[in-house]
Amino acid sequence: ARYHQAQDKAADAIAKFHGKEYAGKTLEVKFANTDGESDDANPTSNAPPSDNIYVKGLPPNWTHDDLKTYFSEFGPIIEC
């Protein structure tokens, strides 16, 4: 998910959702690298803070709309 010009919003989403269990899986939420992927390092130190986050562990049947709904409490999402 990518937030509209908001590094702090992305950091808030990471703080709230990283490590949270959802549908029997543990979510992995980190700052994304520029290629949209993530390293296996600490969620806040694996890539420079940005408005783009990497999310792993979501239900496979989720749509873009589901993803936007889940993460939109932190601000408008411009890409996912």
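These legends describe close-up views of a predicted model. Local features need pLDDT of at least 70, side-chain atom pairs count only at pLDDT 80 or more, and totals for chains, interfaces and linings use all residues. Residues are numbered from 1 along each chain as its sequence is written, and side-chain values use heavy atoms, with hydrogens and water left out.

**View 1. The two faces of helix α2 (residues 64-71).**
Helices (H or I, at least four residues) and strands (E, at least two) are DSSP runs, numbered from the N terminus. Leu 67, Tyr 70 and Phe 71 are buried in α2. Down the helix axis, these buried residues fall within an arc of 85 degrees, so they line one face of α2. The arc is taken over the directions from the helix axis to the C-beta atoms. Asp 65 and Thr 69 are exposed on the face turned away. Buried means under 20% relative accessible area, exposed over 50%, partly exposed in between (1.4 Å probe, protein chains only).

**View 2. The largest nonpolar core.**
Such a core is a set of buried Ala, Val, Leu, Ile, Met, Phe, Trp, Tyr and Cys residues joined through side-chain atoms within 4.5 Å. This one has 18 residues. Those with the most contacts inside it are Tyr 3, Ala 13, Phe 17, Val 29, Ile 53 and Phe 71. Two or more residues each come from α1, β4 and α2. The largest share, 4 residues, is from α1.

**View 3. Asp 51 in the loop between β4 and β5.**
Asp 51 is buried, at 15% relative accessible area. Ala 6 is 45 residues from Asp 51 in sequence, yet their C-alpha atoms are 5.2 Å apart.
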